[in-house]
Amino acid sequence: MAKLLICDSVAAPAVEAMRAAGVTVDVRDTITPEELMGVIADYDGMVVRSRTKVRAPLIDKATNLKVILRGGVGVDNIDAEYAASKGIKVLNTPAASSNAVAELALAMMFALARELSKADASMKAGRWDKKLFEGAELAGKTLGVIGYGRIGRTLADKARALGMTVLAYDPYVKEAGLVPLDDLLKASDYVSLHLPHTNETHHMLSTAQFALLKKGARVIQASRGGTVDEAALYEALVSGHLAGTALDVFTEEPPKSEALLKLIALPQVIVTPHIGAATVEAQEKIGDEIVALVKEHLS
Ligand code: NAD
């Protein structure tokens with residue numbers, strides 16, 4: 001019977017479904033890196049989310065491992081090429097959280113447009129600042145989507161349904177209607193990033209790009225820390241050129257550096273702790289997709 005180690009949290013019904021499929025499953029979702037090094041040789045498969053890092057020294061110890069399953073988009077926490085060189089498959093669940101992230105980006109746009117965090121904080125502080133909170137509507141505005149993959153397209157569909165004009169930039173997607181990045185930046189009221197963090201996308205939005213944005217534009221960052229230059233974002237906000245930003249991901253998670261804490265503390269900044277995929281539905285879909293992968297590769 002194949003043995004599977006679950007290192008990060010996975011929905012309980014998914015664990016039961018794996019057992020029902022004839023796999024021996026050990027759930028150790030608080031396992032430390034040191035403990036993992038000691039036990040990994042016993043397993044044919046492992047399931048990770050974001051917490052567990054699967055780097056070369058661990059892979060060297062994983063002498064029986066056939067498959068590493070990552071619940072989520074991307075495999076940033078796994079040395080995937082090294083694993084492949086050892087004959088270990090690395091698989092993830094890329095589509096399960098697309099709707100959840102697109103909905104968070106949309107929620108962030110609404111929250112910025114109507115200053116929900118500020119209005120909430122002001123009322124809880126005992127005030128009734130009705131005149132202070134004249135917001136803006138999303139209908140009739142232009143959304144620029146950078147990275148037109150699963151999440152970018154899902155967000156674009158929702159934004160069009162709200163009466164927004166959508167511009168998209170993605171050099172790897174060949175289809176009508178996409179625009180150069182500079183054109184997107186010049187025309188957008190909201191810009192939302194939905195692309196991986198690579199050498200090429202590092203600081204995709206920095207000082208020069210913020211300068212191209214209209215005064216009063218707003219930026220949504222729910223992709224990966226590093227695609228936005230946070231120091232340049234801080235300057236663009238403090239100068240008053242950008243009206244606001246909402247951030248779900250950061251170059252440092254959790255953020256501890258003084259520069260990041262200064263950015264987060266700005267009143268025109270809304271932050272969430274990397275919760276893009278954190279919905280009941282996305283977690284269920286991730287669980288279902290992992291079960292399907294376990295059945296295919298281990299049972
Ligand atoms: P995807 O692979 O379907 O789409 C990514 C798109 O980015 C692709 O179409 C690709 O061509 C494009 N791209 C690559 N390089 C580019 C560049 N230089 N310029 C413009 N576009 C470029 O991925 P997805 O499922 O849509 O996810 C998008 C990102 O969202 C992921 O990379 C992941 O980092 C992030 N994500 C965040 C959360 C969260 O919790 N906030 C959850 C899931 C995914």
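**Core, salt bridges and a negative patch**

In the largest nonpolar core, which has 29 residues, the members touching the most others are Ile146, Leu205, Phe210, Leu242 and Leu263. At least two core residues come from each of strand 7 (165-169), helix 8 (181-187), strand 8 (190-193), strand 9 (217-221), helix 10 (230-238), strand 10 (242-247) and helix 11 (258-265). Helix 10 chips in the largest share, with 5 residues. The model is a predicted one.

On to the charged pairs: the count comes to 13 salt bridges. In one of them, aspartate 8 meets arginine 51 at 3.0 Å, N to O. Aspartate 8 sits in the loop between strand 1 (3-6) and helix 1 (12-20), and arginine 51 in the loop between strand 3 (45-48) and helix 3 (56-61), so the pair ties together parts 43 residues apart in sequence. Aspartate 8 is buried, at 3% relative accessible area, while arginine 51 is partly exposed at 42%.

Another salt bridge joins glutamate 175 to arginine 153, with the closest N and O atoms 3.1 Å apart. This pair links the loop between strand 7 and helix 8, home of glutamate 175, to helix 7 (residues 150-161), which holds arginine 153, 22 residues away. Aspartate 189 and lysine 214 also pair up, their closest N and O atoms being 2.9 Å apart. Here aspartate 189 counts as buried because its relative accessibility is 18%, under the 20% cut-off, whereas lysine 214 is partly exposed at 32%.

At the surface, Glu103, Glu281, Glu284 and Asp288 form a negative patch. Helix 12 (residues 280-297) gives the largest share, 3 residues. Glutamate 103 belongs to helix 5 (residues 98-113) and is partly exposed, at 44% relative accessibility.

Methods
Residues are numbered from 1 along each chain as its sequence is written. This is a predicted model: local features need pLDDT of at least 70, side-chain atom pairs count only at pLDDT 80 or more; totals for chains, interfaces and linings use all residues. Side-chain values use heavy atoms; hydrogens and water are left out. Patches are made of residues with over 30% relative accessible area and no salt bridge: like charges are joined within 9 Å, nonpolar side chains (Val, Leu, Ile, Met, Phe, Trp, Tyr) within 5 Å. Accessible areas come from the Shrake-Rupley method with a 1.4 Å probe; for residues, only the protein chains shown count as cover. A salt bridge is a side-chain nitrogen of Lys or Arg within 4 Å of a carboxyl oxygen of Asp or Glu. Lys and Arg count as positive and Asp and Glu as negative; His and the chain ends are not counted. The place of a charge is taken as NZ of Lys, CZ of Arg, CG of Asp or CD of Glu. Helices (H or I, at least four residues) and strands (E, at least two) are DSSP runs, numbered from the N terminus. Buried means under 20% relative accessible area, exposed over 50%, partly exposed in between (1.4 Å probe, protein chains only). A nonpolar core is a set of buried Ala, Val, Leu, Ile, Met, Phe, Trp, Tyr and Cys residues joined through side-chain atoms within 4.5 Å.
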